[in-house]
Amino acid sequence: IVGTLWMMILTAFLSIPLGVGAAIYLEEYAKNTRAIRLVKLNIQNLAGVPSIIYGMLGLTLFVRVFGLGRSLLAGSLTMALLILPVITIAAQEALRGVPPTLRQAGFGIGMTRWQVIRYQVLPSALPGMLTGIILALSRAVGESAPLLLVGATAYSAYLPVSPMDGFTVLAVQIYNWIDQPQKAFHDLSAAAIIVLLVMLVLLNSTAIYLRQHYRKKGSMG
């Protein structure tokens with residue numbers, strides 16, 4: 001559980017700023033050129049790449065080339081790459097859903113482009129962004145194949161206390177326990193599945209609550 005929480009926090013810290021920043025640039029700043037259209041198409045294609053491919057990329061790039069070893073940081077960077085296209089696409093869709101009149105009203109009173117984005121566009125797009133972000137993190141929590149490649153262990157005798165420590169996560173534990181012949185391991189895997197489902201339900205419930213909260217706040221404003 002601790003390894004899963006570490007993985008979620010590091011993955012969110014690495015992927016959310018990049019994904020939202022890329023979406024803001026592509027939707028609010030970039031011109032509709034052939035190169036930008038190609039970038040958007042590639043982002044959509046990357047969202048459909050099997051997770052095991054990201055695991056192979058993480059093993060080659062982060063574990064071996066960058067020398068991070070089989071650490072939490074290498075796993076988190078791999079998972080950040082996995083969900084980055086999903087976050088970017090969700091943020092793009094949320095930005096496209098903001099009425100153009102909000103932007104025009106901001107420009108009409110002399111606001112700069114960044115001020116329009118910060119005070120007009122982002123508050124309106126925030127509910128959709130949050131929903132996409134939390135759903136992307138939910139996907140990362142349930143993944144095991146990429147983490148097996150980058151070094152998530154079958155058993156860890158200590159809790160990770162830094163990003164460079166070894167780690168395991170619930171999904172990997174479930175995979176390993178259910179493969180054992182003893183019935184006790186099957187019982188453990190069933191209990192771990194319930195814990196993982198509770199974590200996913202809490203994440204999705206948080207997404208629903210935040211969406212409703214910011215929608216209500218935006219309508220009141």
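## Exercises on a predicted helical model

Helix 8 supplies the largest share of the lining of the largest pocket, namely three residues. The model is a predicted one, and the exercises below work through its pocket, its fold and its salt bridges.

**Exercise 1. Describe the largest pocket by its volume, its lining residues and the classes of those residues.**

Step 1. Begin with the volume: the largest pocket holds about 210 Å³ of space.

Step 2. Turn next to the lining, which is made by 13 residues, and of these Ile1, Val2, Gly3, Thr168 and Gln173 are the closest to the centre of the pocket.

Step 3. Assign the lining to elements: helix 1 (2–29) and helix 8 (170–178) are the elements that give two or more residues to it.

Step 4. Sort the lining by class, which gives nine nonpolar residues, four polar residues and no charged ones.

**Exercise 2. Give the overall make-up of the protein in terms of its elements, its dimensions and its buried share.**

Step 1. Count the elements: the protein has nine helices and zero strands, and along the sequence the pattern therefore reads α-α-α-α-α-α-α-α-α under the rule that helices and strands are DSSP runs numbered from the N terminus.

Step 2. Take the dimensions along the principal axes, where the C-alpha atoms fill a box of roughly 70 × 40 × 30 Å.

Step 3. Apply the cut-off for burial, which is under 20% relative accessible area; of the 221 residues of the protein, 41% count as buried.

**Exercise 3. Find the salt bridge that joins Glu28 to a residue of another helix, and state whether the two partners are buried or exposed.**

Step 1. Look for the partner: the side chain of Glu28 meets that of Arg103 in a salt bridge, with a distance of 2.7 Å from N to O.

Step 2. Place the two residues: because Glu28 belongs to helix 1 and Arg103 to helix 5 (residues 100–108), the pair ties together parts that are 75 residues apart in sequence.

Step 3. Check the accessibility, which shows that Glu28 and Arg103 are both buried.

**Exercise 4. Compare the partners in the Glu143 and Asp187 salt bridges by accessibility, and set these bridges in the whole structure.**

Step 1. Start from the total, since a search of the whole structure finds six salt bridges.

Step 2. Examine the bridge between Glu143 and Arg139, in which the closest N and O atoms are 3.5 Å apart. Glu143 has a relative accessible area of 14% and so is buried, whereas Arg139, at 29%, counts as partly exposed.

Step 3. Examine the bridge between Asp187 and Lys183, in which the closest N and O atoms are 3.2 Å apart. Both residues lie in helix 9, four residues apart, about one turn of the helix. Asp187 is partly exposed at 43% relative accessible area, while Lys183, at 59%, counts as exposed.

Step 4. Add the linked group: Glu27, Lys40, Glu93 and Arg96 are joined in a network of salt bridges.

**Exercise 5. Which residues make the nonpolar surface patch of about 240 Å², and where does Val195 lie?**

Step 1. List the members of the patch, which are Ile1, Leu5 and Val195.

Step 2. Locate Val195, which lies in helix 9 (residues 183–220).

Step 3. Classify Val195 by its accessibility: its relative accessible area is 30%, so Val195 is partly exposed.

Step 4. Relate the patch to the pocket of the first exercise: Ile1 is a member of the patch, and Ile1 is also among the lining residues closest to the centre of the largest pocket.

Technical notes: Residues numbered from 1 in each chain as written. Predicted model: local features only at pLDDT ≥ 70, side-chain atom pairs only at ≥ 80, totals over all residues. Heavy atoms only, no water. 1 Å grid on protein atoms, 1.4 Å probe; cavity = no way out; pocket = protein on both sides within 12 Å on 5 of 7 lines; lining within 4 Å. Points joined across faces, edges and corners; volume = space filled by probe spheres on them. Nonpolar A, V, L, I, M, F, W, Y, C, P; charged D, E, K, R; others polar. Patch = residues over 30% accessible without salt bridge, like charges linked within 9 Å, V, L, I, M, F, W, Y side chains within 5 Å. Areas by Shrake-Rupley, 256 points an atom, 1.4 Å probe, with all protein chains shown as cover. Salt bridge = Lys/Arg side-chain N within 4 Å of Asp/Glu carboxyl O. Buried < 20%, exposed > 50% of the residue type's maximum accessible area, 1.4 Å probe, protein only.
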